[in-house]
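Hello,

Here is the structure you will be working with. Please look through it first, then read the notes below.

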Amino acid sequence: MMLITLAGVLFHFLGGFASGSFYMPFKKVKGWSWESFWIVGGIFSWTIAPLVAAWLTIPGFMDIIGRAPKSVIGSTYLMGLLWGIGGLTYGLGVRYLGVALGSSIILGLCSVFGSLVPSIYYYFNPQPGKDTIADLFTHTWGQWVLAGLVLCIIGIIICGKAGSMKDEEMGHAKTDASGSEFNITRGLTLAIISGVLSACFSFGIEAGSSMAILANQLWKTANPAETGEFLFRNNVVFVVILWGGLTTNFIWCMVLNARNKSFGDYTNRATPLLKNYLLCALGGVTWFLQFFFYGMGESKMGNGASSWILHMSFIILIANMWGILSKEWKGTHGPTKRTIAIGIATIIASVLVVGYGNSIK
């Protein structure tokens with residue numbers, strides 16, 4: 001059990017590293033509007049990468065999708081649409097708050113909703129093997145997970161306080177020391193929307209779980225000597241979820257292209273076109289890798305509170321690392337830096353607590 005837990009934690013760390021790092025290539029894109037580089041990267045993360053990953057790991061994955069009931073495809077796609085709005089506002093939140101602060105607040109909120117709502121749902125709609133909110137409160141391991149969740153919330157509040165202190169010290173300036181746009185009011189509004197709706201990705205995995213189960217069964221039939229679970233079973237679910245994510249992001253980015261007259265970005269030879277496209281591809285594929293590794297971690301630990309909060313917490317930690325390296329907190333005073341450091345340390349503690357809770361389950 002301990003080895004399974006450690007493997008799950010490792011996969012979630014890799015997914016968190018990918019998600020916490022994906023925006024860095026976008027910051028290097030030159031001469032393009034936000035909506036232009038966002039949708040180019042999105043085509044790679046929501047269409048190309050998931051199709052390639054499913055094709056490489058699940059033979060006949062389109063047959064599995066084709067055999068799924070329309071209700072399963074519809075509900076999974078719907079969760080993808082809602083998650084897509086969360087992903088869109090994630091990008092905008094990071095744009096206006098920075099990688100470190102934006103990711104901390106958005107993903108902290110996402111961890112809360114993504115870990116608690118499914119357990120509440122399964123309390124009223126019980127299914128074998130699915131943890132309910134009652135399990136979390138009545139079992140020792142669940143109480144540890146809840147304690148980690150509380151710590152994560154405290155960490156979010158502390159990071160939010162650090163962001164407010166940063167805004168005051170900057171005199172409400174429009175850019176920070178890293179050169180990024182900074183708007184605390186707009187950023188926090190977008191962060192709250194994103195934090196709530198981004199949790200729909202976890203719900204999408206649940207909605208499409210029958211496709212993952214079928215992929216798992218087919219793999220076990222083809223590999224009778226294997227005794228474990230199929231690590232890549234969720235790749236087929238990701239294809240459908242991310243179709244929904246692409247839909248909402250594509251529509252909004254096209255609206256912005258029209259409004260801002262930025263359609264010319266894609267062919268503007270006054271900008272480093274090849275470099276921009278390669279950076280967008282790198283950012284998009286890196287973002288998809290979070291789902292790829294999350295699926296592997298979920299196959300080891302289950303899509304419950306432990307998996308979701310570990311994944312979110314690792315993303316927050318990595319994003320804050322990049323925020324420090326890119327000097328997003330340069331120019332702030334000691335108390336502000338200490339506040340964000342305490343926030344990060346609190347989130348690290350939440351990861352350790354959740355990991356311990358899952359290990360004694």
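Among contacts in the chain between residues at least 6 apart in sequence, 81% link residues that are at least 24 apart. Please keep in mind that this is a predicted model. Its mean pLDDT is 82, and 85% of the residues reach 70 or more. Confidence is highest in helix H4, at 95, and lowest in helix H14 (residues 305-325), where the mean is 70.

The overall make-up is simple to state. The chain has 15 helices and zero strands. It contains 361 residues, of which 55% count as buried. About 15300 Å² of the chain is exposed, and carbon and sulfur atoms supply 69% of that area.

Next, the interior. The largest nonpolar core has 76 residues, and the members that touch the most others are Phe37, Trp38, Met211 and Val236. Beyond its neighbours within four places in sequence, Phe37 is in contact with Tyr23, Phe26, Val29, Trp32 and Cys280. There is also a second, separate core of five residues, among them Ile133, Leu136, Val145 and Leu146.

One helix is worth following on the screen. Helix H11 covers residues 209-222, 14 residues in total. From first C-alpha to last it reaches 20 Å, close to the 20 Å expected at 1.5 Å a residue. Which residues of H11 are buried? They are Met211, Ala212, Leu214, Ala215, Asn216 and Trp219. Met211 is thus listed here and also among the core members named above. The buried residues of H11 pack against three helices: H4 (61-67), H5 (70-97) and H12 (235-260).

Regards

How values were computed
Residues are numbered from 1 along each chain as its sequence is written. This is a predicted model: local features need pLDDT of at least 70, side-chain atom pairs count only at pLDDT 80 or more; totals for chains, interfaces and linings use all residues. Side-chain values use heavy atoms; hydrogens and water are left out. A nonpolar core is a set of buried Ala, Val, Leu, Ile, Met, Phe, Trp, Tyr and Cys residues joined through side-chain atoms within 4.5 Å. Buried means under 20% relative accessible area, exposed over 50%, partly exposed in between (1.4 Å probe, protein chains only). Contact means heavy atoms within 4.5 Å. Helices (H or I, at least four residues) and strands (E, at least two) are DSSP runs, numbered from the N terminus. The expected span of a helix is 1.5 Å times one less than its number of residues. pLDDT is the predictor's confidence in each residue, from 0 to 100. Accessible areas come from the Shrake-Rupley method with a 1.4 Å probe; for residues, only the protein chains shown count as cover.
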